[in-house]
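Welcome! Have a look at the sequence and the 3D structure below, then work through the exercises at your own pace.

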Amino acid sequence: MNGAQALIRTLADAGITTCFTNPGTSEMHFVAALDTVPQMRAVLALFEGVATGAADGYARMSGTPAATLLHLGPGLGNGLANLHNARRARVPVVNIVGDHATYHAQYDAQLQSDIETIARNVSSWVRTSASTHELCRDAVEAIAAANGPPGQVATLILPADVSWSEGGETAAPLPAEAPPVAEAAALEEAARAIRDGGRTAILLGGRALREVGLLAASRIAVATGVKLFAEVFPTRLERGVGLPPIERLAYIPELTMVQLGGLKHLILVDAKAPVSFFAYPGKKSYLVPDGCTVHELASPAADVLGSLEALVELLGAGSVQPLRQEPNAPSPPQGALTAEKVCDAIGAVLPEGAIVSDEALTSGTTLPGTTAGAPRHDWLTLTGGAIGQGLPVAAGAALACPDRPVFALQADGSAMYTIQSLWTIAREQLDVTVVIFNNRSYGILNVELARVGARGDGPKANAQLDLSEPNLDFVRIAAGMGVPAVRVDAAETLMDALGRAVGGPGPHVIEVVVPPVFSPRELRVMPYALRALGALPRPLAQAVKRRVYP
Ligand SMILES: Cc1ncc(C[n+]2csc(CCOP(=O)(O)OP(=O)(O)O)c2C)c(N)n1
């Protein structure tokens, strides 16, 4: 066996059976070796950001890492934004990054670069394998690091001669260590905070947003009256009929502060204390209210579910019935399309077992409300804020769960970062329905322009946020990559198109042409309205918040 053959076998033996690739010359022995290991599925992506985002989506849904195969520093660099999102999602990813042969490095050939420096930004484990003999031992260490918990990005750099040389030796997977349950002191502290009587909330993130965690947290909430929140951008939120509903923290900090207002205790479970996504002149970055004490029940490295269940026991809430979402679908919309009507339509048709990759951004503002009472489904979001994640994550999720329908709810600007995903979705014949909200703008940046207090919205500034001239034609773009597509601008035709998509296997693209969610007038008053919100009494502020951000 050469190094590459042993490496692929070692990956497969450790449960890594999918590799998202975009190879080059230095990876040719790895490519050639793929056929020697039948368990390994190799999926070509036409841009590295598609490969890394697909690995993220795959891990979110399967719980096991996928591998990526990337070409030296530039290839890894192209994949960085979605590795950043994967890091923030705390999911396992194992990158195999090809490099020049060890003896070639001294010549500083054209593609030579400092791969480790690029890798370190997103990877908590980085190593350049020094010899064929050591390669697979390095690989099992990479896999163990990726698996965590918490899940992490691990990057194994594979020099071409380490890959092609004979003498490869497979290595057995390293035993996984069981993560610790919260210590008695942390459990007692959380229980005391909950019994204290002041307004208390539990903020759930990461793995706590899966069914078992939600059920445990809901038992606590029903038994004690604490409020439950989900982090703003969950990795994977299990929701819909029969599961405990949970309110997500808002993206806009003024709205988050309404949600958190008056809190005396905030208990973190696999989540960080909330901070504002960006700094805004004169506004707070740290969103925990003054006077609120933060308690960490379980860090991302802990046994998160075991810790929640231990707290249920401590509070004597084991026999309490959790809250369960009732069915509740919006009526099918009618007439000229708006983003809100599209969100209603999604809520009306979302089928049982759907996986939703949500990168709808401003157009999806009302989605949390319109889909809350849909049949049970999973919701995957933009964990790291680096756009261009939605389509690759949808592809990876569909590969991980071939029996489940996947919906990519996708803003137009973000779609264009990794639009090549459509080609992979077509080639692998994945059951993905892509709904592209074509509002012909970087809508959220118009909001941000108003909010940061930047003066001046001259023609040059506006042109940076405008996607018309020329209008993007997603029907032709999709068709050119092998995905059948339709464009709709009326609610009735949208319902027909969604009906066809739900009724038959994908892939499908539905381009919906919608106006931006916020009109220029609303954008002008927004900063003042948000400021006024902070001055309202909490119940009133809550009611207003729920109208704009359900
Ligand atoms: C990798 C990366 N580049 C740039 C940005 C900055 N950015 C944030 S939102 C956005 C535009 C989003 O527009 P679109 O996807 O059309 O959604 P809309 O805001 O119109 O709903 C940009 C460029 C980012 N977050 N990530």
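**Exercise 1.** Find the helix in which R531 lies, and decide whether R531 is buried or exposed.

*Solution.* Start with the place: R531 is part of helix α22. Helices here are DSSP runs of H or I with at least four residues, strands are runs of E with at least two, and both are numbered from the N terminus. Next comes the cover: R531 has a relative accessible area of 56%, so R531 is exposed. The cut-offs are under 20% for buried, over 50% for exposed and partly exposed in between, with a 1.4 Å probe and protein chains only. Finally, look across to K283: its C-alpha atom is 10.0 Å from that of R531, although 248 residues separate the two along the chain.

A word on the model: it is predicted, so local features need pLDDT of at least 70 and side-chain atom pairs pLDDT 80 or more, while totals for chains, interfaces and linings use all residues. Residues are numbered from 1 along each chain as its sequence is written, and side-chain values use heavy atoms, leaving out hydrogens and water.

**Exercise 2.** Describe the salt bridge between D138 and R127.

*Solution.* First, the rule: a salt bridge is a side-chain nitrogen of Lys or Arg within 4 Å of a carboxyl oxygen of Asp or Glu. In this pair, the closest N and O atoms are 2.8 Å apart. Then place the partners: D138 sits in helix α7 (residues 132-147) and R127 in strand β5 (residues 125-128), 11 residues apart. Last, check the cover: D138 counts as buried because its relative accessibility is 7%, whereas R127, at 27%, is partly exposed.

**Exercise 3.** Do the same for E247 and K227.

*Solution.* The closest N and O atoms of this salt bridge are 2.8 Å apart. E247 belongs to strand β10 (residues 247-248) and K227 to strand β8 (residues 227-230), so the pair ties together parts 20 residues apart in sequence. E247 is buried, with a relative accessible area of 17%, and K227 is partly exposed at 27%.

**Exercise 4.** Which polar contacts do G413, S414 and N439 make with oxygen atoms of the ligand?

*Solution.* For the ligand, a polar contact is a pair of N or O atoms within 3.5 Å. Begin with G413, whose backbone N or O atom lies 2.8 Å from a ligand oxygen. S414 brings a polar side-chain atom to 2.6 Å. In N439, a side-chain N or O atom is 3.0 Å from a ligand oxygen.

Technical notes. Polar contact = N/O pair within 3.5 Å; in protein donor to acceptor, adjacent residues only side chain to side chain.
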